[in-house]
Amino acid sequence: MRKILLCFFVFSFLVHVNFYAFHQNVVTAQTSSLPSPGMKVDRNNTALVITDPQNDFLSPKGAAWHLVKDSVAENHTIENIESLLKTAKANQFKVFVSPHYYYPYDQKWMFGGAMEHSMHALNMYQRKGPLTLDGFKGSGADFLDRYKPFIEDGQTVITSPHKIYGPEANDLVLQLRKQGITRIILAGMSGNLCVESHMRELIEQGFEVAVVHDATASGKMNDLDGDKAAKINFRMIASASWPTNEAVEKMKSMN
């Protein structure tokens, strides 16, 4: 009987010790700081990629302005994207723009997710067709006027349009690889949709990505805060999540 009791106490003690050790490991894992790998910036292999710098998100007359205006104001998104473009051009960094366009036949899609339905209902990014610019100038699909000197300079690579959120359906990855780009400074609209989807796919494709978290903005509706969700995922997934001033300084430091 004594042997049985002794064995029971020893077993109980070991269970207690192992449970305590497991608990401590869990606590340590939960409270340890997240690594910050960072990303080196070199104009020879680093490019600025901007998604959807277009009126429908960034102009008060845009179709989706009412969804993102608070986030745009809080982040100073419009000014920060301009600062990135200006700095990239002044310091000989290649710039790529991944735009969002919908043509009449895209409106006939038979299914889609929540925000796809919303974008179609708002008539966002509408163009009359891929072979015409009729009605494009000043439309919701057009680039914000203050960005045009940087985008329409004959040097910026404007890719074919992405259709939902990520670059899987356009030629961004091909264009980056053909230019020898391996590292990307990423910004644009909107944070938790196109920017985050570009970030995820580009990382899966083997690029290093640093996201400029205040050179973007996201929709806020009811209890859904897209900006908060995006910034959490930028920090958890990308090699770096920088404010605009840090990204600017890194590009300037190449001189």
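This report describes the largest pocket, the salt bridges and a nonpolar surface patch of a predicted model.

## The largest pocket

The largest pocket holds about 150 Å³ of space. Its lining is made up of F57, L67, V68, M115, S190, N192, L193, G219, M221, L224, D225 and G226, and when these residues are sorted by class, seven are nonpolar, four are polar and one is charged.

Three secondary-structure elements each contribute at least two residues to the lining of the largest pocket, namely the helices α3 (65-75) and α8 (191-204) and the strand β7 (224-225).

## A salt-bridge network that includes a pocket residue

Side chains of opposite charge can pair when their charged atoms come close. In this model there are 12 salt bridges, and some of them are connected, since E74, K220 and D225 are linked in a network of salt bridges. Within that network, K220 pairs with D225, with 3.9 Å between the closest N and O atoms.

D225 is also among the residues that line the largest pocket. With a relative accessibility of 33%, D225 counts as partly exposed, and K220 is likewise partly exposed, because its relative accessible area is 27% and the partly exposed range lies between the limits of 20% and 50%.

## A buried pair and a pair within one helix

K148 forms a salt bridge with D142, and the closest N and O atoms of this pair are 2.7 Å apart. Buried means under 20% relative accessible area, so K148, at 14%, counts as buried, and D142, at 1%, counts as buried too.

Another salt bridge joins the side chains of K250 and E246, at 4.0 Å from N to O. Both residues belong to helix α10 (residues 244-252), where they are four residues apart, or about one turn of the helix. K250 is partly exposed at 27% relative accessibility, and E246 is partly exposed at 32%.

## A nonpolar patch on the surface

L34, I232, M236 and I237 make a nonpolar surface patch of about 350 Å². One of these residues, I232, is located in helix α9, which spans residues 226-237. I232 counts as partly exposed because its relative accessibility is 43%, and this value also satisfies the requirement of over 30% relative accessible area that applies to residues of a patch.

Methods: Residues are numbered from 1 along each chain as its sequence is written. This is a predicted model: local features need pLDDT of at least 70, side-chain atom pairs count only at pLDDT 80 or more; totals for chains, interfaces and linings use all residues. Side-chain values use heavy atoms; hydrogens and water are left out. Patches are made of residues with over 30% relative accessible area and no salt bridge: like charges are joined within 9 Å, nonpolar side chains (Val, Leu, Ile, Met, Phe, Trp, Tyr) within 5 Å. Accessible areas come from the Shrake-Rupley method with a 1.4 Å probe; for residues, only the protein chains shown count as cover. Buried means under 20% relative accessible area, exposed over 50%, partly exposed in between (1.4 Å probe, protein chains only). On a 1 Å grid over the protein atoms alone, a cavity is a set of points where a 1.4 Å probe fits but cannot get out, and a pocket is an open set with protein on both sides within 12 Å along at least five of seven lines; lining residues have an atom within 4 Å of a point. Grid points are joined across faces, edges and corners, and a volume is the space filled by probe spheres set on the points. Ala, Val, Leu, Ile, Met, Phe, Trp, Tyr, Cys and Pro count as nonpolar, Asp, Glu, Lys and Arg as charged, and the others, Gly among them, as polar.
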